[in-house]
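Got your viewer open? Load the model below and let's walk through it one selection at a time.

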Amino acid sequence: MSNVTFPGRRVGDFTITAISDGYLTASLDFLSNIDAADAAAMQRAAGQQQPSAVHINCYVVRGAGRTVLIDAGAGGIKEWGGRLMDNLRLADIDPVAIDTVLLTHAHPDHVGGLVNAAGHAAFPNAELVAHRREVEFWRDDGNLSRASERARGNFRIARHAFDAYGDALRTFDEGEVLPGIAAIPLPGHTDGHTGYVLESGDRGLLVWGDIVHFPHIQIKRPDVSIAFDQDASQAATTRSRLLDRVSADGLLIAGMHLGEPGFARIRRTNGEYGLCYETDA
């Protein structure tokens with residue numbers, strides 16, 4: 001399952017393709033507001049053979065003369081993922097052709113793949129684009145000093161990724177970041193956690209970053225957060241509000257931990273949200 005690509009989805013003049021970076025493993029004990037045994041039962045009921053496995057998606061958006069990568073996977077850091085480059089090539093996408101990398105946030109499983117084994121930018125022709133608050137958070141020495149030893153490693157990884165792109169790092173606060181691609185704040189998971197809305201013609205799609213890590217649990221139970229969330233309560237509130245919005249609008253969703261199909265819609269039936277992968281729609 002590590003070499004996985006999926007057909008692109010058309011969104012007006014854009015084509016967006018899900019590219020697998022592989023998997024990471026996260027204990028179900030990291031979840032809050034749910035017993036780990038109940039979480040495992042929900043995973044098994046959804047057909048998840050490895051209940052603690054979390055798939056890592058990245059997305060390539062092509063259109064308007066641009067080739068844009070949204071998040072860069074883990075790059076093998078902590079033995080997570082690391083399949084992005086191989087799978088880009090399987091999808092006939094040359095890393096040097098990527099002109100922009102948009103970040104949803106700077107956790108290791110999203111920025112680890114930004115840097116190659118030599119410590120240089122893995123996408124040498126790309127501008128790296130991230131929310132201003134996200135970059136400021138990881139570069140703040142006060143935040144670093146207050147972090148646990150485990151979290152300090154995350155600071156080092158984020159800073160290394162930012163530094164590798166030097167003057168090619170651009171930050172934003174809100175609104176359109178590229179023609180047809182707008183940033184929307186999705187606070188709670190990290191300080192500058194951001195989603196991206198693609199709009200072209202009458203079509204739209206939301207890349208929602210890490211709104212969920214275990215979609216078969218957290219979409220049905222949006223009150224369930226994970227230890228990776230910087231503010232678990234705010235993350236749960238953001239998740240509930242967003243699920244309400246996208247289910248009402250019928251908006252196509254892409255998510256970094258949405259699962260291998262990569263694209264889905266959220267249905268609400270009898271007050272409960274449900275996940276409908278686009279391949280099943």
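This tour of a predicted model goes from one helix to a few salt bridges.

**Stop 1: helix α6.** Select residues 149-165, the 17 residues of α6. At 1.5 Å a residue the helix should span 24 Å, and its end C-alpha atoms lie 26 Å apart, which agrees. Now show the side chains: the buried residues include Phe155, Ile157, Phe162 and Tyr165. What covers them? Among the elements over the buried residues of α6 are α3 (108-111), β6 (127-131), α4 (132-139), α5 (141-146) and β7 (169-172). Step just past the helix and you reach glycine 166, with a positive phi near 50°.

**Stop 2: a salt bridge in α6.** Go back to glutamate 149, which forms a salt bridge with arginine 156, closest N and O atoms 3.9 Å apart. Glutamate 149 counts as exposed because its relative accessible area is 54%, and exposed means over 50%.

**Stop 3: across the strands.** Next, pick glutamate 127 and arginine 170, a salt bridge with its closest N and O atoms at 3.0 Å. This pair ties strand β6 to strand β7, 43 residues apart in the chain. Glutamate 127 is partly exposed at 26% relative accessibility, and arginine 170 is partly exposed at 26% too.

**Stop 4: a small network.** Select aspartate 173 and arginine 132, whose side chains meet in a salt bridge at 2.6 Å, N to O. Aspartate 173 sits in the loop between β7 and β8 (175-178), while arginine 132 is in helix α4, 41 residues apart. Add Glu136 to the selection: salt bridges with shared partners join Arg132, Glu136 and Asp173 into one network.

How many salt bridges does the structure hold? There are 13.

Terms used. Residues numbered from 1 in each chain as written. Predicted model: local features only at pLDDT ≥ 70, side-chain atom pairs only at ≥ 80, totals over all residues. Heavy atoms only, no water. Helix = DSSP H or I, 4+ residues; strand = E, 2+ residues; numbered from the N terminus. Expected span 1.5 Å × (residues − 1). Buried < 20%, exposed > 50% of the residue type's maximum accessible area, 1.4 Å probe, protein only. Contact = heavy atoms within 4.5 Å. Salt bridge = Lys/Arg side-chain N within 4 Å of Asp/Glu carboxyl O.
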